[in-house]
Amino acid sequence: MQNQVALIVGQGLAGTLLSFRLKQRGISHLVIDQGIKTNATQAAAGLVNPITGRYFTKTWLFEKLLASLDPCYDELGELLDETFKKNIVIWRALNSIAQENQWAQRMSDPIYEGYFSHVGSIKNQLPYFSNDLPYVQINHARKVDIGLLMKKYRQHLSANSQLLEEPFNYDNLHWTNNSWHYKGNAYSVVFFAEGYQAIHNPFFNYLPFKPAKGEALITKTNVVEDIAIKNNLFLAKETNGHFWSGGGYDWVTEDPSPTTKFREDYKSKLEAWLNHDFEIVDHKAGIRPCVKDRKPFLGEHPEQKKLYIFNGLGTKGTSLGPYFSEQLVAHIFENTSITPEVDILRFS
Ligand SMILES: Cc1cc2nc3c(=O)[nH]c(=O)nc-3n(C[C@H](O)[C@H](O)[C@H](O)COP(=O)(O)OP(=O)(O)OC[C@H]3O[C@@H](n4cnc5c(N)ncnc54)[C@H](O)[C@@H]3O)c2cc1C
């Protein structure tokens with residue numbers, strides 16, 4: 001029997017970051033993941049966007065999140081000999097008078113100072129687009145290749161004999177002699193980080209998940225600049241030079257496959273927006289672990305001791321993940337507190 005300190009179930013972005021936080025402390029652990037083909041992380045753009053939504057709202061805790069995510073993704077890059085993160089400016093179209101007014105209101109609010117830098121026509125600067133709406137630039141944004149990060153981290157775990165690639169069977173988890181036992185091994189703590197599939201976890205399926213499927217087309221375009229630009233869809237340059245464009249919210253399905261409907265819809269949106277031909281080279285889909293109150297799920301099971309959840313990263317895993325993975329691991333091993341808004345105690 002092998003005794004390790006921790007077991008992590010799931011190796012999307014959440015499980016990857018938990019494992020990294022344990023590794024930073026030299027805490028032994030094993031990760032179990034059944035496969036990444038349809039998880040949310042492989043489909044995501046990995047954008048860290050400080051200002052989102054139709055009301056141009058600043059992301060909750062943004063300064064704290066940024067201070068945590070920059071060193072986290074940089075250190076992961078050093079560990080895995082890759083560059084995962086780049087600093088970007090997001091160009092955002094102002095699609096209506098109402099949006100222009102909303103943006104103007106934000107400009108005069110001191111908490112938004114420094115987040116917007118320029119507004120104007122893009123015709124002369126980026127001559128690839130058919131419309132000539134006014135655009136605003138959003139600063140302090142990042143793009144992180146979280147799909148590549150997850151794959152590279154998986155290879156790292158595998159090389160260190162820390163990965164089991166198989167489905168986790170909840171019936172085989174037992175608490176005896178002050179530790180959790182799974183398939184002959186003992187663990188002091190167990191973390192669940194299964195993304196939306198936690199709706200099938202018998203310990204945590206009482207939490208109010210609200211899974212939301214999204215999709216993305218990967219295209220080759222004539223756009224040369226390394227940009228991220230948003231009109232009625234996002235176009236963001238990937239590490240390999242292709243453009244990611246995606247979104248969509250299907251709240252009812254558990255089928256993670258790409259759909260013809262999305263492909264046709266986004267293809268025609270791109271045709272209307274880009275003034276040149278483009279080629280679709282890939283089509284991805286994934287189900288986001290969204291939550292009814294839009295805050296992550298962190299903490300210990302109310303009755304089963306030493307059983308933790310790290311989930312509910314929703315549409316903002318790239319921003320939320322580094323800060324809250326650190327918070328959860330510090331809570332367990334250094335006895336620090338959990339932000340009440342994300343603590344699962346809010347549902348007990
Ligand atoms: C189209 C799209 C675009 C997105 N764009 C962005 C973006 O630009 N910026 C951003 O911040 N976020 C974005 N997101 C959201 C982001 O992808 C998520 O917040 C994040 O990836 C969630 O990570 P996770 O690890 O919780 O879940 P997942 O990535 O789904 O990983 C869960 C893992 O657990 C494993 N698992 C589940 N159950 C079991 C089991 N019983 N046994 C073994 N393994 C199991 C699965 O195989 C999977 O690998 C986007 C999502 C989508 C779908």
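Six elements each supply at least two residues of the shell around the ligand. They are helix H1 (13–24), strand E2 (29–33), helix H2 (40–43), strand E13 (212–220), strand E17 (279–288) and helix H7 (317–334). The model is a predicted one.

**The ligand shell**

Which residues come nearest to the ligand? Of the 41 residues around it, these are Gly-10, Gly-12, Gly-195, Gly-214 and Gly-317. By class, the shell holds 16 nonpolar, 20 polar and 5 charged residues. Two domains are well represented in it: domain 1 and domain 3 each give at least three residues to the shell.

**The domains**

The domain assignment of the protein gives three entries. Domain 1 is written in three pieces, 3–43 + 148–208 + 295–347. Domain 2 covers 52–143, and domain 3 covers 212–288. The centres of domain 1 and domain 3, taken over C-alpha atoms, lie 30 Å apart. Where these domains touch, domain 1 contributes 9 residues and domain 3 contributes 9 residues. On the side of domain 1, the largest share comes from H2, with 3 residues. That side of domain 1 has 4 nonpolar and 5 polar residues, and no charged residues. H2 also supplies at least two residues of the ligand shell.

**Two helices at the ligand**

H1 and H7 both belong to the elements that supply the shell. The table sets them side by side.

| Helix | Residues | End-to-end C-alpha distance | Expected span | Buried residues |
|---|---|---|---|---|
| H1 | 12 residues | 16 Å | 16 Å | 10 of 12 residues |
| H7 | 18 residues | 24 Å | 26 Å | 13 of 18 residues |

How does the span of H1 compare with what is expected? At 1.5 Å a residue, its 12 residues should span 16 Å, and the end C-alpha atoms are 16 Å apart, which agrees. H7 reaches 24 Å, close to the 26 Å expected.

H1 is mostly covered. Its buried residues include Leu-13, Ala-14, Gly-15 and Thr-16. Phe-20 and Arg-21 are also buried in H1. H7 is mostly covered too.

Each helix is followed by a residue with a positive phi. After H1 this is Gly-26, with phi near 70°. After H7 this is Asn-335, with phi near 60°.

**Asn-335**

Asn-335 sits in the segment after H7. Is Asn-335 buried or exposed? Asn-335 is exposed, because 7 other C-beta atoms lie within 10 Å, and a residue counts as exposed at 12 or fewer. How far is Asn-335 from Arg-92? The two are 243 residues apart along the chain, and their C-alpha atoms are separated by 42 Å.

**The whole protein**

The protein has 7 helices and 19 strands. Its radius of gyration is 21 Å, close to the 20 Å that the globule rule gives for 348 residues, so the protein is as compact as a globular protein of that length. Along its principal axes, the C-alpha trace spans about 70 × 45 × 40 Å.

What share of the 348 residues is buried? The share that counts as buried is 39%. Contacts across the chain can be sorted by separation. Of those with a separation of 6 or more, 72% join residues 24 or more positions apart.

Methods: Residues numbered from 1 in each chain as written. Predicted model: local features only at pLDDT ≥ 70, side-chain atom pairs only at ≥ 80, totals over all residues. Near = placed C-beta within 6 Å. Helix = DSSP H or I, 4+ residues; strand = E, 2+ residues; numbered from the N terminus. Nonpolar A, V, L, I, M, F, W, Y, C, P; charged D, E, K, R; others polar. Domains from an automatic or database assignment. Buried ≥ 20, exposed ≤ 12 C-beta atoms within 10 Å, placed from the backbone. Contact = placed C-beta atoms within 7 Å. Expected span 1.5 Å × (residues − 1). Rg over C-alpha atoms; globule rule 2.2 N^0.38 Å.
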